[in-house]
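Could you walk me through this protein, from its surface to its sheets, helices and charged contacts? Here are the sequence and the structure to follow along with.

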Amino acid sequence: MSTTDAPAEPVADSPSSNGTVDKQLKREIDRRRTFAIISHPDAGKTTLTEKLLLKGGAIHEAGEIKARKADRFAMSDWMTMEKERGISVTSSVMQFPYQGYELNLLDTPGHRDFSEDTYRVLTAADSVIMVLDNAAGVEQQTKKLMEVCRMRDMPVITFINKMDRHGLPPLELLDNIEEELDLETVPLSWPIGMGDRFRGTYNLYRDELHLFSHADMEGEHERLPIDDLDDPQLDEVLRGQADDLRFDVELVREAGNELDLDAYRDGQQTPVFFGSALSNFGVGDMLDTFVEIAPPPQPRPTVTRTVSPYEEAFTGVAFKIQANMDPKHHDRMAFVRVCSGRFEKGMEVIHHRTGQTLRLNNATTFMAQDREGVDTAYPGDIIGIMSHGRIKIGDSFSEKEPLHFTGVPSFAPEHFRKVRLDDPFRAKHLKKGLQQLSEEGAIQAFRPLRGNDFILGAVGELQFDVTLDRLEDEYNVDAHLTGAPYACCRWVSGPAQDLEDFEAESMDNLFRDADGDLAYMAVSDYRLERTVDEWPRLSFASTKQHTAEAESS
Ligand code: G4P
């Protein structure tokens, strides 16, 4: 592995309609990296994001991203900000340059604003950086997010953070990743002590010593090229810890795994870096390797065929809808990942679900802080398209060929509430509101086969608050929520006769979602397991692809 500025060779083939490759398009694709950072709350994702943006020149002061996060903590502020727009949108997607590469960082919110969006955004990324707290290892939210990454075998680079604090021994952390995530680890840097005794890391690939300074946490950290660990310089700078490092490196080199790029790109192996995001230590080391080995924009599956990013014709897929871009107009912004070809401002594309042609004059790009009108975008880039509720999650766009991208699913909700109307005469408005909010992925609304009360399902609790707020604001519906006795939900499909029997027997636990698909809700995981065993010919799915039949327009 070398430290060059030249983008890595693409993983994907480079076909085009006439067999030739558009060189400029290829160059732009190959230098793009579209990724997300995942972590459990407090592991250091915000801090790391900030350091990455500082490195890319996208922000100029530490604290800018942190301030946004602090604001998001207070529910009322968050709502106000949602209405005022701008902040949460610009922080959703950040594009910034780094060493000749163009990085698209997709924000996956954590904490209270964890939602189905968090999962869905991951489906638009080509790889992820996983941040772990060195004192905690793999935590619950990281596990949940990794399950989604696993669905697409996404490549993962691990950053073990907070080495300036005391944590678990490095080998124990690696074992923890292997056991909890079933992922082979390959340390590419090795820490020298931790907490008060943290002296830096040794880059196992570049044979370079990176020295950490407790006295000047924010300052530049010194690098010493040391290609022979017996070099007496090591004893001079590390004193008593030099032998510890020699021992550790020998152990890791003998007993550890070797970096296997294919295994990394297949999501089977994770390169690991140790550092401290707060003191900007180890971040550059990780980022240099990330741009070099992380995959460029990858082919995306559609119902009919796989679309290569190098195809000349533009295609894209909507993976997120952001509501109320302008509170006066109830606008929505659809976040569309460019999947192939070149997007150009003003181009006409077909919106396949509706069959309508859209002229994209006002697409938005996400150059770090400021939203800017975009003239050209390439595969891996995200563009924002304004829509008045016409665009749904999973909608596909192309110049001519009718395509339906798959891989932007709905995820089974994990929290449930019953909706109660304050004014029964607003029932029609409630229905309309819940239908639209479901279509844009803000919440999932389920209608019982028996009875009338809608059940709302969410991946994150905050989705309920947002739904109530928007029902009141946009649909003039006052409603409140009560508890619902469910712990899990699955979409059910199978042979007609079995479905009929199942419906007859389990009527009280069955619902239709906003697309009309059948969903089963169980009071416990145990109950769900029993039901799955009892109905072997039925399939109980925890994700669902969006239906995209053309609507009569
Ligand atoms: P998150 O987005 O994953 O939730 O984590 P965030 O970056 O907000 O970091 C959580 C806390 O951990 C913050 O402290 C942050 O300063 C601290 N932190 C992040 N990286 C490091 C590191 O490398 N070393 C140490 N020692 N701490 C780190 P806080 O007290 O919650 O916030 P603040 O008052 O520092 O802003």
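Phe247 counts as exposed because its relative accessibility is 56%, and the cut-off for that label is over 50%. Keep in mind as you look that this is a predicted model. Phe247 sits in helix α10, which covers residues 241–255. Together with Leu171 and Leu251, Phe247 makes up a nonpolar surface patch whose accessible area totals about 290 Å².

Helix α10 also holds one end of a salt bridge: Arg246 meets Asp235 there, with 2.8 Å from N to O. Since Asp235 belongs to helix α9 (residues 233–238) and Arg246 to helix α10, the pair ties together parts that are eleven residues apart in sequence. Arg246 counts as buried at 15% relative accessibility, whereas Asp235 is partly exposed, with a relative accessible area of 32%.

Let's turn to the sheets. One is an open sheet of seven strands with mixed pairing, and its order reads β2-β3-β1-β4-β5-β11-β6. At its edges stand β2 (93–98) and β6 (184–187); each has a single partner strand, so one side of each is left without a neighbour in the sheet. From one strand to the next, the twist averages 30°. Within this order, you can pick out β4 (residues 127–133) and β5 (residues 156–161), which pair in the parallel sense over six bridges. Leu132 has Ile160 in β5 as its bridge partner.

Another open sheet has eight strands, arranged as β28-β25-β27-β26-β30-β31-β29-β32, and here the pairing is antiparallel. Its edge strands are β28 (479–483) and β32 (539–541), and because each has a single partner strand, one side of each lacks a neighbour in the sheet. On average, neighbouring strands are turned by 40° against each other, direction ignored. Strand β29 (residues 488–493) and strand β31 (residues 518–522) run antiparallel and are joined by four bridges. Look for Cys488, which stands opposite Ala522 in β31.

Two helices are worth a visit next. Helix α12 (residues 283–293) is mostly covered, with eleven of its eleven residues buried. Among them are the acidic residues Asp285, Asp288 and Glu292, as well as Met286, Leu287 and Phe290. Helix α14 (residues 462–475) has 14 residues and reaches 19 Å from its first C-alpha to its last, close to the expected 20 Å. Its buried residues include Leu462, Phe464, Val466, Arg470, Leu471 and Tyr475. An α-helix has 3.6 residues a turn, so residues three or four places apart point the same way. Just after α14, Asn476 takes a positive phi of about 55°.

Finally, back to the charged contacts: the whole structure contains 38 salt bridges. One of these joins Arg31 to Glu102, with their closest N and O atoms 3.5 Å apart. Arg31 lies in the loop between α1 (23–30) and β1 (32–39) while Glu102 lies in strand β3 (residues 101–106), so the pair ties together parts that are 71 residues apart in sequence. Arg31 is partly exposed, at 21% relative accessible area, and Glu102 counts as buried at 10%.

Glu439 and Lys392 also meet through their side chains in a salt bridge (3.5 Å, N to O). Glu439 is in helix α13 (residues 427–439) and Lys392 in the loop between β22 (382–387) and β23 (396–398), so this pair ties together parts 47 residues apart in sequence. Lys392 counts as buried, at 15% relative accessibility. As for networks, salt bridges with shared partners join Glu28, Arg31, Arg32, Glu102 and Asp381 into one.

Note on methods:
Residues numbered from 1 in each chain as written. Predicted model: local features only at pLDDT ≥ 70, side-chain atom pairs only at ≥ 80, totals over all residues. Heavy atoms only, no water. Patch = residues over 30% accessible without salt bridge, like charges linked within 9 Å, V, L, I, M, F, W, Y side chains within 5 Å. Areas by Shrake-Rupley, 256 points an atom, 1.4 Å probe, with all protein chains shown as cover. Salt bridge = Lys/Arg side-chain N within 4 Å of Asp/Glu carboxyl O. Buried < 20%, exposed > 50% of the residue type's maximum accessible area, 1.4 Å probe, protein only. Expected span 1.5 Å × (residues − 1). Pairing = 2+ DSSP bridges. Axes fitted to C-alpha atoms, helices over the stretch in contact; angles between N-to-C directions.
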